[in-house]
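Please open the model in a viewer and keep the selection panel at hand. The tour below proceeds stop by stop, stating what to select and what is found there.

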Amino acid sequence: MQDAEVIIIGSGPAGVQAATVLIAAGRSVMMIDGGKKAPALPQAPDANFEDVRRNNQDQARWFLGDDLSGIPVSGLTGGLGGGQVSGNRANVVSGAREQLPITEENCQIIQSLAEGGLGAAWGAACAVPEESELTAMGLNAKDMQRHFDAVINDIGVSGPQIRGGIQPALPPDLHASLALETYKKKQVSFEKKHISVMQPLSAILTQDNDDRRASNLADMEYWSDPRRSVYRPQYTLEKLRSSHSFTYKGDLIVERIVSDTEGCTVHARRMSGGTESYRAKRVILAAGAVGSARIALQSVGLYDTPLPFAAKPHVFSACMHPATLGKTGPKSRSSLCQLLILDDNVLSGVRSGCAQLYSYRSLMLFRLLGSQPLAYPEAMKILSMLTPSLVIADIRFPAFGDNGSVSLVRTKDGDSLRITCRVPDAERDARKHSWQRLKQGLRMLGMLPLRNMELPEGSASHYGGTLPMQGTNRILTTDARGKLRGLEHVSVADASVFPMLPAVPHTLTLMANARRIAEAVTEDL
Ligand SMILES: Cc1cc2nc3c(=O)[nH]c(=O)nc-3n(C[C@H](O)[C@H](O)[C@H](O)COP(=O)(O)OP(=O)(O)OC[C@H]3O[C@@H](n4cnc5c(N)ncnc54)[C@H](O)[C@@H]3O)c2cc1C
């Protein structure tokens, strides 16, 4: 007796896209998920950030959360404390450390048990990687075209018109528009250095789409979703729930999958107590690169055997943009990524680095207090004068699966995942060179890097490579259609299958690939 034709584990960007394809193909799907929900707060006012800050008596509810966890009491800890996954978005990481134990060596890992996964807090920066990057990720660029088109159409992506279906770009903010002007004037010099500058693709609507409305440039994207302009996987989940062929089971931690000739049994533990088992012909793992690796290792009982792990490295450069000193820029704007600066110099066949540029305004001054030398309240006054001219460059580099490992280990408290990042000197050097080139690019755009921060490995929350699509027959690798070797009837739809991650944001590719894998499962069924 089966509960559904296909069980999908995880409701993040990968899980909901895979489910959408299967439901559209008339298949019955059960989704098993951690399912932590955001607090049931009244929706934030549909007003501009400045007006909410000046006039709204309840503003702490949106900016710090009812539990005040947006206050970084023990420091920002790479975004975990007081960052994007705190306050009203704290559900994104809540319970994950306790329920999914990890031992981190030389890295800092974020896991999610939320409805929507890490996508419930993501910054919506998107990219379609170059053909060489898709090849390095194990993908065929031609095959991927229609899956990119489908996902762009489904989630709503705006930005430069590099392909059909993309909505018009958001207007660039003051920093980005000045930088783009400078880039146009100096394009030949940039080309000589193999640096290019462009507006990013973003999963934010600039035109209404169903019940989701175009951004009104209120600059509240990091704090609330009043118009649902920024895509979140929960919106897809809502649509899936209205299908009679779809069942959602939350509050569950999947521990093990047992395969037999007919299909699979998925064994899960309820976080509120008890165990449950469900049966399907096929299972799709979409629990994130770390979560899917854990379930696969536990299912085959493979201890102390490292799987590869790619964690995208990143560094921050805080830059002063003197051309904007004394100018606050328009009140209507977005806080999302404004520009991509690409280091087109090639490293192992892919672009060497990518800086994502952000203005600081809506990220809150108090977060900067700890990183400047003056005492409060003087510091606050100076910061409020300087921040309109502050630009944060979040610089990312490609991640390769052989720079890290994930293994299942027995500890005195039970099973745990040991996650290790070890970066060879040659790659550290390559990153440094790319960082230097991108800093030079920033200076050419008129931005002066003032303070640079090397962040812990893994803290960019971009993971992959644990169950890679590889030509080998090694256990717990996947074939080109995402089928997992060593565990019959199981496919993998998240970034676990990519042997490497490019420097540009990869979640759009992960969603497009999840659709491809779900299509392969439908064909097999
Ligand atoms: C603050 C932040 C900003 C980001 N910004 C960007 C961005 O701008 N651009 C970009 O490309 N990427 C961004 N990312 C990364 C992006 O969110 C991830 O790449 C993406 O969410 C991964 O999708 P996924 O579906 O594979 O896994 P996840 O989103 O991690 O979802 C995993 C799902 O699996 C479930 N799960 C896990 N383990 C189990 C288990 N044992 N049993 C049952 N369920 C389980 C969880 O409940 C969850 O629903 C950002 C991430 C963060 C945290």
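Begin with Asp479, which counts as partly exposed because its relative accessibility is 25%; the classes are buried under 20% relative accessible area, exposed over 50% and partly exposed in between, with a 1.4 Å probe and protein chains only. This is a predicted model, in which local features need pLDDT of at least 70 and side-chain atom pairs count only at pLDDT 80 or more, whereas totals for chains, interfaces and linings use all residues. Residues are numbered from 1 along each chain as its sequence is written, and side-chain values use heavy atoms, with hydrogens and water left out.

**Around Asp479**

Asp479 sits in the loop that joins strand 21 (463-464) to strand 22 (490-492). Here helices (H or I, at least four residues) and strands (E, at least two) are DSSP runs, numbered from the N terminus. Select Met469 and Arg485 next: both are in contact with Asp479 when its neighbours within four places in sequence are left aside, contact meaning heavy atoms within 4.5 Å. Then add Arg481, whose backbone nitrogen lies 2.9 Å from a polar atom of the Asp479 side chain. Such a polar contact is a pair of N or O atoms within 3.5 Å; within protein, one must be able to donate a hydrogen and the other to accept it, and residues adjacent in sequence count only if both atoms are side-chain atoms. A distance label between the C-alpha atoms of Asp479 and Ser259 should read 18 Å, the two residues being 220 apart along the chain.

**The ligand**

Which residues are closest to the ligand? They are Asp33, Leu118, Ala125, Val254 and Thr507, in a shell of 34 residues, each having a heavy atom within 4 Å of the ligand. Display the polar distances to ligand oxygen atoms: 2.6 Å from a polar side-chain atom of Asp33, 3.0 Å from a polar backbone atom of Ala14 and 3.3 Å from a polar backbone atom of Gly119. Taken alone, the ligand exposes 1000 Å², of which the protein buries 95%; these areas follow the Shrake-Rupley method with a 1.4 Å probe.

Colour the shell by element. Helix 1 (13-24), strand 8 (252-259), helix 10 (288-300) and helix 13 (507-524) each supply at least two residues, and strand 8 gives the most, with three. By residue class, the shell holds 18 nonpolar, 14 polar and two charged residues. In this scheme Ala, Val, Leu, Ile, Met, Phe, Trp, Tyr, Cys and Pro are nonpolar, Asp, Glu, Lys and Arg are charged, and the others, Gly among them, are polar.

**Helix 9**

Move to residues 233-241, which form helix 9; Pro233, Tyr235, Thr236, Leu237 and Leu240 are buried there. Their cover includes helix 1, strand 2 (29-32), helix 6 (141-155) and strand 7 (246-249).

**An open sheet**

Select strands 3, 19, 18 and 11, which form an open sheet in that order with mixed pairing. Its edges are strand 3 (102-105) and strand 11 (307-308), each pairing on one side only; two strands pair if DSSP finds at least two bridges between them. Strand 3 runs parallel to strand 19 (residues 414-421) over four bridges, and Glu105 has Thr420 of strand 19 as its bridge partner.

**Two positive phi values**

Most residues other than glycine have a negative phi. Ala124, however, has a positive phi of about 70 degrees; it lies in the loop between strand 3 and strand 4 (125-126) and is buried, with a relative accessible area of 0%. Finish at Leu217, where phi is near 55 degrees. Leu217 belongs to the loop between strand 6 (201-202) and helix 9 and counts as buried because its relative accessibility is 16%.
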